[in-house]
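User: Could you walk me through this model, one question at a time?

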Amino acid sequence: MNAAATFNDEEREVESGEAVDPLTAFLTHAALEAGEHQAGEGQDALQMMTVHSAKGLEFDVVFLSGLEEGLFPHEQSVSERDGLEEERRLAYVAITRARNRLYLSHAQTRMLHGQTRYNIPSRFLEEIPQGLMKWLTPRFSRQKAFTPDFSRQTDDFIAETNSRYARVGGWRIGQNVVHPKFGSGVIIDAEGQGNDARVQVNFGAQGVKWLAVSVAKLQAA
């Protein structure tokens, strides 16, 4: 509420010759205002902030959104040294901000840079023991990418989970691709090496298909 109120005040005061999308301007403003002092002491409020700005704070209820491969963890973290571990530490920080209740969410599709992206749930969801979670909406049952297996919570299982996101034939699970016939999709599984490498791609309305990497003519989105 404070962010919206101060944004309206500042919007009236600032004069700029550049056209700025109001939503983008507000989110930028809200990110700068994020922190423990967004609301007055003792005031009921919804505080919106980044994981970094939430460090050291606690809340009765926390909503953590965007838990999707390529977003959290970010796609660049996979190729950076210790990048994935840093993302995992950030996820731990976000999860432990909640005193009483934590809501985790992910989107199957979202618009990004004007394109529809098909997403798979974050690997961090698979690392949370099933007994600690309660699914409020049905999990997708037709594609295994949307039905994480929570039955084996061991170090070997986590190592196996991480290995599934390694590159196969130059492609990796969670990567957005474009096929000349089926259009845009996201890689949800991969197997094999060399000429035998193949990937399973969720093309949305076109369905889920296995494609041989050597002949599929896939392109990165």
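Analyst: Happy to! One definition before we start: a residue is called buried when its relative accessible area is under 20%. Keep in mind that this is a predicted model.

User: Thanks! Which residues of helix α3 are buried?

Analyst: Helix α3 covers residues 83–95, and its 13 residues reach 19 Å from the first C-alpha to the last, close to the expected 18 Å. With the cut-off of under 20% in hand, the buried residues of α3 are G83, L84, E87, R88, L90, A91, V93 and A94.

User: Now the open sheet of five strands: what is the strand order?

Analyst: Let's begin at the edges, where β8 (208–212) and β9 (219–220) each pair on one side only. Next to β9 comes β5 (residues 176–179), antiparallel to β9 over two bridges. The pairing in the sheet is antiparallel, and its order is β8-β7-β6-β5-β9.

User: Which residue in β9 stands opposite V178?

Analyst: β5 spans residues 176–179 and pairs with β9 over two bridges. Opposite V178, in β9, stands Q219.

User: Which strand gives the largest share of the largest nonpolar core?

Analyst: That core has 19 residues, and among those with the most contacts inside it are W171, I187, V199 and L218. Both β6 (183–191) and β7 (198–202) supply at least two of its residues. The largest share, four residues, comes from β6.

User: How many residues are in the second, separate core?

Analyst: Nonpolar side chains tend to be buried together in soluble globular proteins. This second core includes L67, L90, V93 and L125, and its residue count is 11.

Definitions and conventions: Residues are numbered from 1 along each chain as its sequence is written. This is a predicted model: local features need pLDDT of at least 70, side-chain atom pairs count only at pLDDT 80 or more; totals for chains, interfaces and linings use all residues. Side-chain values use heavy atoms; hydrogens and water are left out. Two strands pair if DSSP finds at least two bridges between them. The expected span of a helix is 1.5 Å times one less than its number of residues. Buried means under 20% relative accessible area, exposed over 50%, partly exposed in between (1.4 Å probe, protein chains only). A nonpolar core is a set of buried Ala, Val, Leu, Ile, Met, Phe, Trp, Tyr and Cys residues joined through side-chain atoms within 4.5 Å.
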